[in-house]
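Biologist: Before we look at anything in particular, could you take me through this model feature by feature, giving the general idea each time and then the case at hand?

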Amino acid sequence: MKQQRYPWPVASYTGVGSYPGTEPDEAVRTVFGELPELPHLPELPERGAGADMIGRTGGMLVDLPLELHASGWRVAQRPGRDLQRAQSHLSRDLDALEEHSQEFAGTLKIQVAGAWTLAAAIELRSGDKLLADTGAVADLAASHIEGVLAHVGEVRKRVPGAELLVQVDEPSLPAVLTGAVPTASGYGRLPAPDRVAVEARLRELFTALGEAGAVPMAHCCAADVPLDLLRRSGARAVSLDATLIGRALDEDIGVAVESGVGLFTGVVASAGGILSDPAANVDPVRELWNRVGFAPELLSRAVVVTPTCGLGPAGPDHARAALTACRQAARVLHDEPRR
């Protein structure tokens, strides 16, 4: 097995990204208190337009302004009020991060929406999805890389002692790959782009992040997460919902771990679910590890425990309880790697 330096401590746990509430100061303080060894920059979608996943990363794009329409985010002729709102939300988040991360030295996770998920959501001025135009996708990918790298640089200035783990959220990637993204009318589906092109775009971003000194990772909480594609593209870690994946992914997971890719496994209900006891929460991960046949002592090094998805839709009490459950589950994986 490839020797890998995982950029997180043994028995780590963290959040996926979103968190309930509207006050960044309170959210960042809570995250750093609950996740002291592997905190993340929380996203607060309850604030509305511009704090949503697409608008938040859309505000980072360079020379590709967006505006909000009834149908969603659309390419605009010039920056406007919607873009200013998104950038203002992010600026407040970074101010809170800087205040509550004084003297922090460790791994810090930040999240951005991936280019393929943006392409499946953003509309061209004509109303068609940007994904329908290969030239527009290329422009988006270039703008996205430039904007994400600028964001990484800004976070590094705010938290100079942190090693940055950049999570690229690609929830729409399975739909893109299978030609399941709806057209503007909703009656048709956009053709799937060439899989080689999809991999190439992902690799460009992951390579750029690595060259900037950040650790690239990907998140996709679909049952059909394209794990092998993400590994080949250069993701150093992949975040997935462990309660959804089945045995069909065993081989891809085995190859990924063998090559040194870390797994962020969602095992704790993110919203509306019952928080089971820690041993029950991690049973899917322990069963998976047993099936693929890796050494038990590697489990708590290669695997990070998370909620099944973002905690944005949860209530504050559930969100805190979910993070506590993640901490307890990570300890079980360390102390009792076998069921």
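Modeller: Let us begin with the vocabulary: helices (H or I, at least four residues) and strands (E, at least two) are DSSP runs, numbered from the N terminus. The model is a predicted one, in which local features need pLDDT of at least 70 and side-chain atom pairs count only at pLDDT 80 or more, while totals for chains, interfaces and linings use all residues. Residues are numbered from 1 along each chain as its sequence is written, and side-chain values use heavy atoms, with hydrogens and water left out.

Biologist: Which helices supply at least two residues each of the lining of the largest cavity?

Modeller: A cavity is, on a 1 Å grid over the protein atoms alone, a set of points where a 1.4 Å probe fits but cannot get out, and its lining residues have an atom within 4 Å of a point. Grid points are joined across faces, edges and corners, and a volume is the space filled by probe spheres set on the points. Here the helices are α4 (115-121), α5 and α7 (195-211); the lining includes W116, H144 and R201, and the volume of this largest cavity is about 60 Å³. The structure holds two cavities of 30 Å³ or more.

Biologist: How should I read the sheet, and in what order do its strands lie?

Modeller: Strands of a sheet pair through backbone hydrogen bonds, either parallel or antiparallel. In the convention used here, two strands pair if DSSP finds at least two bridges between them. The six strands form an open sheet in the order β3-β4-β5-β6-β7-β8, with parallel pairing. Because β3 (106-113) and β8 (303-307) are at the edges and have a single partner strand each, one side of each is left without a neighbour in the sheet. Further in, β6 (residues 237-241) and β7 (residues 262-268) are joined by five bridges, and L240 has T265 as its bridge partner in β7.

Biologist: Is S239, which is found in strand β6, buried or exposed?

Modeller: Buried means under 20% relative accessible area and exposed over 50%, with partly exposed in between (1.4 Å probe, protein chains only). S239 has 1% relative accessibility and therefore counts as buried. Taking contact as heavy atoms within 4.5 Å, and not counting residues up to four places away in sequence, S239 touches M217, A218, H219, C220 and F264.

Terms used: On a 1 Å grid over the protein atoms alone, a cavity is a set of points where a 1.4 Å probe fits but cannot get out, and a pocket is an open set with protein on both sides within 12 Å along at least five of seven lines; lining residues have an atom within 4 Å of a point.
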